[in-house]
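Colleague: I have just opened this model and would like a close look at one sheet, strand by strand. Could you walk me through it in plain words?

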Amino acid sequence: MKAKDHPYAAMKRLLLASMILLPVIPFISALWIGHYYFTLSLENSTIASITRIVEDHRHMIDSFLEERRNDLEFVLNTHTLESLGQAETLKRTLALLQQSSGAFVDLGVLDESGMHVAYQGPYELKWKSYRDEPWFKAVMEKGVYISDVFLGYRQVPHFVIALANQEGPSKWVIRATIDTQMFNEMAGRVRIGKTGEAFLLSADGTFQTERRSGGSLMQTDPDFSWYPVEDQGVKIFIETGSGGDQYLYATTRLTNKNWLLVVRQEKADAFKALSTAANMIILISLLGGAIIVGVAFYLTDRIVARIQQTDREKNQLNEQLIRAHRLSELGEMAAGFAHEINNPLQVMKSEQALIETIMADLKASGQLQESEDLKDVEDSIRQISLQIDRCSKITHAILRFGRKSEDAVQDFDIQKFIPEIIEMVAKKASVEGIAIHQYIQNGPLYIHGDPSQLQQVLLNLFNNAMDAIIQRHGTIGGELTVISETGDNGRVRLLVKDNGCGISADNLDKVFSPFFTTKPVGKGTGLGLSVCYGIVQNLGGTMTVESKPGEGTTFLIELPAIPA
């Protein structure tokens, strides 16, 4: 990189860093805060949802067991041991119970000694003794008992609901077996996402219902050791299961039985929406970051390029100011030269007039006779007079153009003014083979302004036109047309037409911009037309241009006219 580019490189890095960091910091902060509160809200919502599910499920299981107990209690209160001991009565009672609920599998009556004195069901259990069974001892002690799942005589996992009744001096027991499959389906009837499941555990951690993800009846749950032991309320926690997967757990104890209801769901499934949101936030962050970086690079390049352009224009302006100062000095020098030349010209003019007077006197006195030599001398004297007048006009024009003075605002006739300006470029046009056509409206056309400023405008247009003509035609076929007239709106119209190379459509809108030029380096500054445009505006007029490449260009100046 060039040394002069170092300041721009440092500026570009600083701008780029600022334009990236300033929006990125609040952008990332907003995303993080939004993600935090969204995560918190989703976690609370998920926990509230699983809490409600486990409470509703516990209520359903408690209600089911309570209803079955009430059914048996109704039978117990409406029958005696003797009546239920009759096979037909017991069969009819079981049928009524099964009509009430299909959960009842069988029905049995036991006497005080634990002997199965009556039984109605699919197994041969009559006269079996249950005196040593834990559930029989518990019901004899408590009056009501719901057993854990056990095998018993039938060697099939099941549980029973038993109620004791005091009849005189002795007790007897009615017990019913609950349909294990039906109860298992009811207890596990929880659908949460794809992995949600519910199951029941006994006080020692054995499965009272099957677990869909693996866990048969009467097996011990390998995760039971870290389940909460509290008896009240719902406990929510996240733990890693024996299979290595993390689960969201919700546990609670049943009201009428010391069973633990467990509802669990894989953490990834429970917080799937959170994972989706996190992925979306990552995607938005990446896209937003890419957009911010892209826009930062684009704007930084534009800003640095604009600053570089401004610096270039400033440098060009400085160069033009130096050049203008030099031109001003040259103008002063030219004015001085013109003044110095003008003095000898006046002497020469006086001497030429004196010579003509003396020769006229000599001819009148007869001292000079007419001859060819005398005619040649007279022609030479007339030529000297003509060239002295011509030099005088040139020096006066130089003096007017190069004179430093305040704006000389006045009313002046444009019809007399234009030919004087054309005369200043006529010699250059003649040398370059350019024909100048003047179409000056008859009669005076007065405008109010500074003649020297309008002179500067017209000279610039004439010189630009001749440059364009020379570029296209060389020294043959060039034409420059100058028209002055009164427009329909009463304003003075000045048209400067050429048949030069023309201006392209892309450049036509830029011709009045400062520092814009189509000339080669060193041939133009890009300030001429911009300055001319400003001068015309200060005169209260307008300046427009029309051009076609290969055909030529027309500049139109409209100025406010004043009455003659």
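Let me start with one pair: do S8 and S9 run parallel or antiparallel, and how many bridges join them?

Modeller: Good place to start! What you see is a predicted model, in which local features need pLDDT of at least 70 and side-chain atom pairs count only at pLDDT 80 or more, while totals for chains, interfaces and linings use all residues. Residues are numbered from 1 along each chain as its sequence is written, and side-chain values use heavy atoms, with hydrogens and water left out.

To your question: S8 and S9 pair in the antiparallel sense, over seven bridges. A strand here is a DSSP run (E, at least two residues), numbered from the N terminus, and two strands pair if DSSP finds at least two bridges between them. You can find strand S8 at residues 246-253 and strand S9 at residues 260-266. The two form a hairpin, with six residues between them. To see one contact point of this pair, look for Leu248, whose bridge partner in S9 is Gln265.

Now let's widen the view. S8 and S9 belong to an open sheet of four strands, in the order S6-S9-S8-S7, and the pairing is antiparallel. At the edges are S6 (197-201) and S7 (235-240), each of which pairs on one side only. Neighbouring strands of this sheet are turned by 30 degrees against each other on average, direction ignored; such angles run from 0 to 180 degrees between N-to-C directions, with axes fitted to C-alpha atoms.

Let's visit the two edges in turn. On one side, S6 and S9 pair in the antiparallel sense over five bridges. Here Leu200 has Leu261 as its bridge partner in S9. On the other side, S7 and S8 run antiparallel and are joined by six bridges. In this pair, Phe237 stands opposite Tyr249 in S8. When you look along any of these strands, a general rule helps: in a regular strand the side chains alternate between the two faces of the sheet.

S9 deserves a second glance. Six of its seven residues are buried (under 20% relative accessible area, with a 1.4 Å probe and protein chains only). That is why S9 is largely enclosed by the rest of the structure.

S8 has something extra to show: it helps to line an empty space. A cavity is a set of points on a 1 Å grid over the protein atoms alone where a 1.4 Å probe fits but cannot get out, and its lining residues have an atom within 4 Å of a point. The structure holds two cavities of 30 Å³ or more. The largest has a volume of about 50 Å³, but the second largest, of about 40 Å³, is the one that belongs in this tour. Such a volume is the space filled by probe spheres set on the points, which are joined across faces, edges and corners.

Which strand takes part in the lining of that second cavity? S8 gives the most, with three residues. Ten residues line this cavity, and Glu230, Gly233, Lys235, Thr251 and Thr252 lie nearest its centre. Among these five, Lys235 falls within edge strand S7, and Thr251 and Thr252 fall within S8. By type, the lining divides into two nonpolar, four polar and four charged residues, where Asp, Glu, Lys and Arg count as charged, Ala, Val, Leu, Ile, Met, Phe, Trp, Tyr, Cys and Pro as nonpolar, and the others, Gly among them, as polar.

Key. On a 1 Å grid over the protein atoms alone, a cavity is a set of points where a 1.4 Å probe fits but cannot get out, and a pocket is an open set with protein on both sides within 12 Å along at least five of seven lines; lining residues have an atom within 4 Å of a point. Buried means under 20% relative accessible area, exposed over 50%, partly exposed in between (1.4 Å probe, protein chains only).
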